[in-house]
Amino acid sequence: GTRRGADSTRLRAKLRGRPLAPGRAVGAIHLAPDQAAVDAVPEGAILVVRQATPELARVLERVNGLIAETGSPQSHAATLVRQAGVPAIVDAVGALRLAPGEPVGVDGNRGEVYAGNPWPELRDRPRRRAAARRAGVAHERILRLALVDPGDRDFRPERASSVHDLVRLVHERALAAIFRLGDLHSGHGARRLASAVPLDLEVLDLGGGIAEDSRGARRIAPESICSLPFRALWAGVADPRVSWAGRQLVSTAGFLSVMQGSLTGTEAGALRRLGDRNYLVVAADYLNLNARLAYHYAMLDSVVADHAEGNHLGFRFQGGAAGRERRDLRARFLETILLALGFGVDRRGDLLNAWLRGAPRPSSEAALTQLGLLMACSRQLDMLLADESAVRSYARSFLAGDYGRFG
């Protein structure tokens, strides 16, 4: 597979995934299982990551190609990769087991990786072509992204300078509107969830989500909710191995970070305020949870039924009581866990979006139970995470079932 101008159709792929960004690239493998390794990628390498995330943007100009074990062609990261003109594939299972320094060819059109250098005439052509595109007027007016941080005070329409900026701004505003939807409509027909778990939830039944003998009650027990996704989620939320009591161990630095965050106030762009109503919308096969839990925000939307093609889980998490650095570390903890559970993840700072689509009912229910456990264990965890080593340590504990450590 090293002949000049070799055609992909005549090559034998050593790894397959899904196309993310078109084009072909050649280079040596650089494995990057964490952000530090991503930042250390050498010029002209083929970068291999666990998940395609927006944080890759700062190194895309240095790489010839990208291979990700998980990711979505519809994610923000995918937009940035295409904008940079880097041939890329996602869902390349086992990519991080490739040999470091191994020469490969990446075909972003077919979603395949080949051993050796199948297109030696390419050299650095993809990156030169991308640099030329970035210098054009079309790039500045259409593709350039200036509105990066939704929490920035300049994240507003007047600061948009490209179509990409406007799309990003509309996307964030739409998500914020969806997140507040329950606050606007939760007054009619809502019931209070009565549980020992300290979640102040108003429950709305869209049909078939609450047992008939409890439909007239103003307060209902979790056992009265017969929604399939709720029961799976609650199995994790109410797991006796998890403590919902206040955090017992908080480092001095973590406490000071919380104090600093409290003094500076809620960031611009925060989706909910302390004291806002939490709501739960249920149906027989549907769940939508929108809640503020100890200074952070969580939203979960899920359909679970017997037919796998319609099943989905969407999870959104943001915020915390501590400073920005510790909130980002907690989002990295969540990212690590969710990737290990098979979710697709898009993380931007302390804002995390995760999804699981098309999984069979047993797998979807198991994932929801893990999400319930994760929501409980990650509560106020930003006060304990001081660095990346703490993120890895707590992630190992969670994946090993050591939930008592999070009490």
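**Cavities.** I began with enclosed space in this predicted model. My search returned 1 cavity of 30 Å³ or more. The largest cavity holds about 50 Å³ of space. I then listed its lining, which consists of Leu199, Leu201, Phe230, Leu233, Trp234, Val237, Leu280, Leu289 and Met375. Sorted by character, the lining of the largest cavity has 9 nonpolar residues, no polar ones and no charged ones. I also asked which helix gives the most to this lining. It is α7, residues 228–237, with 4 residues.

**Whole chain.** I noted the totals next. The protein chain has 11 helices and 17 strands. Of its 407 residues, 53% count as buried. For contacts with a separation of 6 or more, I find that residues 24 or more positions apart account for 60%.

**Helix α10.** I checked the length of α10, residues 361–377. Its 17 residues at 1.5 Å a residue should span 24 Å, and the end C-alpha atoms are 24 Å apart, so the two values agree. I listed the buried residues of α10 as Ser364, Ala367, Leu368, Leu371, Gly372, Leu373, Leu374, Met375, Ala376 and Cys377. One of these, Met375, is buried in α10 and also lines the largest cavity.

**Helix α9.** I repeated the length check on α9, residues 324–340. With 17 residues at 1.5 Å each, the expected span is 24 Å; the end C-alpha atoms lie 24 Å apart, so this helix agrees with expectation. How many residues of α9 are buried? I get 12 of its 17, so I call this helix mostly covered. The buried set includes charged side chains by name: Arg326, Arg327, Asp328, Arg330 and Glu335 are in it. Also in the buried set are Leu329, Ala331, Phe333, Leu334, Ile337, Leu338 and Leu339. After α9 comes Gly342, where I read a positive phi, near 95 degrees.

**Asn311.** I looked up Asn311 in the loop between β14 (296–303) and β15 (312–319). Is this loop residue buried or exposed? Its relative accessible area is 2%, under the 20% cut-off, so Asn311 counts as buried. I listed its contacts, leaving out residues up to four places away in sequence: Val303, Val304, Ala305, Leu356, Arg357, Gly358, Ala359, Pro360, Arg361 and Ser364. For Pro360, 49 residues apart from Asn311 along the chain, the C-alpha separation is 7.4 Å. Two of the contacts, Arg361 and Ser364, fall within the residue range of α10, and Ser364 is itself buried.

**Glu202.** I placed Glu202 in strand β10, residues 201–205. Its relative accessible area is 2%, so I record Glu202 as buried. What does its side chain pair with? I found a polar contact of 2.8 Å to the side chain of Arg192. Leu201, in the residue range of β10, is one of the residues lining the largest cavity.

**Asp91.** I ended with Asp91, in the loop between β6 (88–90) and β7 (103–107). At 27% relative accessible area, Asp91 falls between the 20% and 50% cut-offs, so I enter it as partly exposed. Beyond residues up to four places away in sequence, Asp91 touches Arg16, Gly17, Arg18, Ala68, Glu69, Thr70 and Gly71. With Arg18 the contact is polar, side chain to side chain, at 2.7 Å. Gly71 is 20 residues apart from Asp91 along the chain, and I noted 6.3 Å between their C-alpha atoms.

Key. Residues are numbered from 1 along each chain as its sequence is written. This is a predicted model: local features need pLDDT of at least 70, side-chain atom pairs count only at pLDDT 80 or more; totals for chains, interfaces and linings use all residues. Side-chain values use heavy atoms; hydrogens and water are left out. Helices (H or I, at least four residues) and strands (E, at least two) are DSSP runs, numbered from the N terminus. Buried means under 20% relative accessible area, exposed over 50%, partly exposed in between (1.4 Å probe, protein chains only). Contact means heavy atoms within 4.5 Å. A polar contact is a pair of N or O atoms within 3.5 Å; within protein, one must be able to donate a hydrogen and the other to accept it, and residues adjacent in sequence count only if both atoms are side-chain atoms. On a 1 Å grid over the protein atoms alone, a cavity is a set of points where a 1.4 Å probe fits but cannot get out, and a pocket is an open set with protein on both sides within 12 Å along at least five of seven lines; lining residues have an atom within 4 Å of a point. Grid points are joined across faces, edges and corners, and a volume is the space filled by probe spheres set on the points. The expected span of a helix is 1.5 Å times one less than its number of residues.
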